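Me: I want the labels on this model justified. Take each term, give its cut-off, and show me the value that meets it.

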Amino acid sequence: MTLPIIETRNVRRMYGAFVATDNVDFSLKAGERRALIGPNGAGKTTFLNLLTGQVAPTSGSVWLAGEDVSKVPMHRRVRRGVARTFQLNTLLRESSVLENVQLAVLEQQGLGGRLFGGKAAQREAANTAMDILQKLGMSSHAAKRIADLPYGRQRLVEIAIALALRPKVLLLDEPAAGVPPADSHLVMDTIADLPGDIAVLIIEHDMKLVFRFAQRINVLVRGRMLTEGTPAEIAADPRVREVYLGRAHHA
Ligand SMILES: Nc1ncnc2c1ncn2[C@@H]1O[C@H](COP(=O)(O)OP(=O)(O)OP(=O)(O)O)[C@@H](O)[C@H]1O
């Protein structure tokens, strides 16, 4: 029995009279690789925010491992295994790569606020952070300041931070945004190699990345889920071409 790890039922989000998310049913199983695409302003980020708890549903519900978490705040959903990255860089630029990831490890352990306590905990967190960086091929950059790192690698640090939270579900919001084409393979390879037990949902405008990575793709248009299918089905769907792929060339 594979229960969805994360699910929405008839979820709706209004901003005043504007419907940003229009009665969406969605579910993701453990280890799935899924992409969410749609034109600019379709409501992709809002939908991600509904999953994390950053935005509350106007109606409908969000479920995590079979439990209604619609009223569970974001920090507690993180504890239960929902991690995300953001469209924009949110790193501590003057700190090292290792320090950034180590901080996330300590947060995950509930030790984030204890700045002066627990040398052993600090050391252990540094080891865990180093393991994560190694898996992402980033160990040789561990001591570098974020500010001195190429942008593509900065995006990988954000993924490392999300992994430090030991997620069951990883939500990636445009992980390749702003990364120069010469470095985008770094992001692509990292995402392709993420641990198989983590369910991954990616919002991405780069169709090469989407089609390489996703087992299934959801298409969101004006807050509504237009369709869901395999990459081949989505590529062949004339409605998708009309509303999304056609316009994406001009985006
Ligand atoms: N806090 C808010 N208040 C009012 N309107 C909002 C708010 N957040 C989002 N919206 C509106 O909801 C719609 C969907 O926005 P959202 O950012 O979710 O779309 P998106 O698909 O992620 O877009 P993009 O691809 O450009 O990032 C937009 O029209 C946006 O203006």
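Reply: What follows goes through the ligand site, then the two sheets.

Reply: This is a predicted model: local features need pLDDT of at least 70, side-chain atom pairs count only at pLDDT 80 or more, and totals for chains, interfaces and linings use all residues. Residues are numbered from 1 along each chain as its sequence is written, and side-chain values use heavy atoms, with hydrogens and water left out.

Me: What makes a residue part of the ligand's surroundings, and how many are there?
Reply: A residue is near a molecule if one of its heavy atoms lies within 4 Å of it. By that rule 14 residues surround the ligand. The closest are Gly41, Gly43, Lys44, Thr45 and Thr46.

Me: Why is the pair between Gly43 and the ligand called a polar contact?
Reply: A polar contact is a pair of N or O atoms within 3.5 Å; within protein, one must be able to donate a hydrogen and the other to accept it, and residues adjacent in sequence count only if both atoms are side-chain atoms. A backbone N or O atom of Gly43 lies 2.9 Å from a ligand oxygen, so the pair qualifies. For Ala42, a polar backbone atom is 3.1 Å from a ligand oxygen. For Asn40, a polar side-chain atom lies 3.4 Å from a ligand oxygen.

Me: How much of the ligand does the protein cover?
Reply: The protein covers 59% of the 640 Å² of accessible area that the ligand has on its own. Areas come from the Shrake-Rupley method with a 1.4 Å probe; for residues, only the protein chains shown count as cover.

Me: How does the shell around the ligand divide by residue type?
Reply: Five nonpolar, seven polar and two charged. Ala, Val, Leu, Ile, Met, Phe, Trp, Tyr, Cys and Pro count as nonpolar, Asp, Glu, Lys and Arg as charged, and the others, Gly among them, as polar.

Me: Which element gives the largest share of that shell?
Reply: Helix 1, with three residues. Helix 1 (44-52) and strand 2 (18-29) each supply at least two. Helices (H or I, at least four residues) and strands (E, at least two) are DSSP runs, numbered from the N terminus.

Me: How do you know that strand 1 and strand 2 pair?
Reply: Two strands pair if DSSP finds at least two bridges between them. Eight bridges join strand 1 (residues 4-15) to strand 2, and they run antiparallel. Therefore the pair passes. Tyr15 has Phe18 as its bridge partner. Two residues separate the strands in this hairpin, and Gly16 takes a positive phi near 60°.

Me: What makes strand 2 and strand 5 edge strands?
Reply: Each pairs on one side only. Their open sheet has four strands in the order 2-1-4-5, with antiparallel pairing.

Me: At what angle does helix 1 run to strand 1?
Reply: About 120°; helix 1 lies across strand 1, strand 2 and strand 4 (59-64). Axes are lines fitted to C-alpha atoms, for helices over the stretch in contact (heavy atoms within 4.5 Å), and angles run from 0 to 180 degrees between N-to-C directions.

Me: Why is the pairing in the six-stranded sheet called mixed?
Reply: The open sheet has the order 6-7-8-3-9-10. Strand 7 (residues 169-173) and strand 8 (residues 199-203) pair in the parallel sense over five bridges. Strand 9 (residues 216-221) and strand 10 pair in the antiparallel sense over five bridges.
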